[in-house]
Amino acid sequence: MKARTILSVALAGALLAGAAFTDDFGFDFGDDGGFDFGGEGASSGGIGAVLSAISLNGDASLAGRVYVDRRDDGNSRLKVGDFPTAVFPSLKLGIAYSGASTDFSGTIKLDRTSLGGGYYTDILDEFTARVYVNGNLQLEAGKMKVVWGKGDKLHVLDNFNANDYTDYIIPDYIDRRIAEPMFRAVYTTDGGIKFEGIYTPTMTGDRYASSGVWIPGKMTKAVDKLNAMLGKKDNEKISLSDLDYPDTFAFKYGQAGIRSTFTLGPVDLGVSYYYGHNKQVSVDLSPILAEIAAGQPPTELPKLRYDRMQVFGLEAAAVLWKFNTRAEFAYNLTADTAGDDPWVKNNSIGWVVGFDIDLPLHNVNVNLQNQGSYVLRNDKIDDNTKKMVATTGSKVSDGDYDADGRYSNNKLVLAVTDSWDHEKTKLDVKAIWGIERGDVIVLPKLTRTLLDGFDVSLSGMFIWCKDEDSEFDGWQHNSFVTVGARYQF
C-alpha cells in the first residue's frame, strides 16, 4: 500500500511539473505524434537550457560510535574492549531542476535505516515537484518534509511528519523527520499574507527502536506488565515486535491542515489548524480486562491505535533589542475531552518559548528555548486508574497516568555555538534539562573543515537520569563518543 501511495503522488508530481515543463522549453509532440524540440523554447536554448538548469549534489559520511558507560550487570563496568560500538555509513544523492515556472528536487538516501533497518521506502528520502502560477500561487506534490512553527528545531505545531527515534534525537531535527507523500498549495497575497494548505493521503507513525540500546524504557516496562497480566512464561513472553500496529497507509489516516502567516508591525505571526492523528501509539487493554473481570484467563492482545487529533495553533517571532524571540502554542483536541476514557489520550496544550542572541564575544551565539506540555483533565486520570484496579484487581493504569502525578513536562534546551579560523573550526554544545523529571543530556560537537566540502568531527552524548521514573529511563548508560568524517559536493 505504501509503495502504491508514493507512486501515485510521484505520478501526480510528475504530471504537475511536466505540464509547465513543456511550456518552459518548447518541447512539443507534433500532429504526427513525433517529439519536436522546435517550439518557442528551442530558440532560448532547448535541451541545452534544460541540462544547464539541472544541478547535482551529494553528501557522504561515516561515523564510528563507542558507548562508554554501558554496564553488563548494573554493578561493574565492562572492560574497555567490551564497550559496544556502532558504525553509521551514509550516502545522499540529490538532483534539482529550476525552470521559469517549475522546479523539481529529489534525494536518494542510503544508510542503516533505509538499507539495513527494513525501511526501504526511505531510499527515496524526498522529492518535490513545484509549479508557480501567476506569481501568487505555488502548487507542490511529492514525498516531502514541511516544517510548521517558528521554533528553532523545537516545535509543537509541526504535525505532518513523524519522527524516527531509532537513533533517538542524535540526528538533526530535519534529518530524523520522515518524509510524507503530500500535496501542498501556497498562495501569497500582494500584501504579503501567506495562506498554505496541505493534504497527505496517508500517515506514518513515530518510529522507535525495537532492539539495541535505544529501546524506550516505557515501552519495555509496558510489555513486561502485559506479560505479567497474561501470565506468560519466559519461553512464551510477548516482545515489542509481536504487537500488531495499525496499518496507517490508508485513506482513513489522511492528514489535512491550513496555515496563514503574516506580519503586524515588528511581529511575524501565524495561525494554523491540523486534522489528523497523534503520531504516538495508544494502547487499549479493554479486551484483556474484560476477560479478567469475567474470571477468565486472558488470551487477547492489546489493541494499538493512533488517536484522532486536531491541533489549533498560534505562533510568533520578533526581534526585541538584540534578542531573536520565538513562540508557539498548541491546543491538542482529542476524542477524550472529558478525560474519562483511559485508552484515549486526554486533551493537552503545548508550547515553545525562546530566544537566541549573538554575544559580543568572538562568534558566540546562545539559543535558549523551553518546550513544554500539560495534560488537561488529569484529575480524571487517577480516577480511571483506581476504578480499573478495583474492578479487575490488576495493576493497570490510564494511558496518561503518571505515578508521581506530574502532568506537565518542561524541557529547557540550551545551544551554544562558536567558530574560528573563518568558520573552518566550529563548536556546537547542546544541553537538555527535563525540569520536572530531572533528566540531563549534553551533546557537544567539534567540527573542522580540512578542505572544501570535507569535514572531520568529534562529538558525543552524556545522558543522566534521576531515577526510574525519569523520561530517559532505560538510556542512562548510553553515553557515547563519536568520530566522523563527511564530504559534501
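Is Lys92 buried, partly exposed or exposed, and at what relative accessibility? Select this residue to begin the tour of what is a predicted model: at 21% relative accessibility Lys92 counts as partly exposed, because the buried class ends under 20%. Now add Asp175, which is partly exposed as well, with a relative accessible area of 39%. The side chains of Lys92 and Asp175 meet in a salt bridge, with 3.5 Å from N to O. That pair links distant parts of the chain, since Lys92 belongs to strand β4 (residues 85-98) while Asp175 sits in the loop between β8 (162-163) and β9 (177-178), 83 residues apart.

Next, select Lys109 and Asp125, whose closest N and O atoms are 3.8 Å apart in a salt bridge. Lys109 lies in strand β5 (residues 102-111) and Asp125 in strand β6 (residues 124-133), so this pair ties together parts that are 16 residues apart in sequence. Both Lys109 and Asp125 are buried. Keep Asp125 selected and add Lys145, because the side chains of these two also meet within the 4 Å limit for a salt bridge, at 3.9 Å from N to O. Here Asp125 in strand β6 is linked to the loop between β7 (137-144) and β8, where Lys145 is found, 20 residues apart. Lys145, like Asp125, is buried.

For a wider view of the charged side chains, select Asp103, Arg130, Glu140, Lys150, Arg184, Glu196, Arg259 and Glu315, which are linked in a network of salt bridges. The count of salt bridges in the model comes to 27.

Turn now to the aromatic rings, of which the structure holds 14 pairs. Select Tyr67 and Phe480, an edge-to-face pair with 5.7 Å centre to centre and 70 degrees between the planes. Tyr67 lies in strand β3 (residues 54-67) and Phe480 in strand β24 (residues 480-488), so the pair ties together parts that are 413 residues apart in sequence. Both Tyr67 and Phe480 are buried. With Phe480 still selected, add Arg65, which lies over the face of that ring at 4.4 Å from the ring centre. A further charge over a ring can be seen at Tyr119, where the charged end of Arg207 sits 3.7 Å from the centre. Then select Tyr168, Trp214, Phe472 and Trp475, which ring pairs link into a cluster.

Finish at helix α5 (residues 286-293), whose buried residues are Pro287, Ile288, Leu289, Glu291 and Ile292. What covers these buried residues includes α4 (217-230), β14 (282-284), β15 (303-305) and α6 (379-392). After α5 comes Gly295, whose phi is positive, near 80 degrees.

Terms used: Residues numbered from 1 in each chain as written. Heavy atoms only, no water. Buried < 20%, exposed > 50% of the residue type's maximum accessible area, 1.4 Å probe, protein only. Helix = DSSP H or I, 4+ residues; strand = E, 2+ residues; numbered from the N terminus. Contact = heavy atoms within 4.5 Å. Phe/Tyr/Trp six-rings, centres within 6.5 Å; stacked < 30°, edge-to-face > 60°. Lys NZ or Arg CZ within 6 Å of the ring centre and 35° of its normal.
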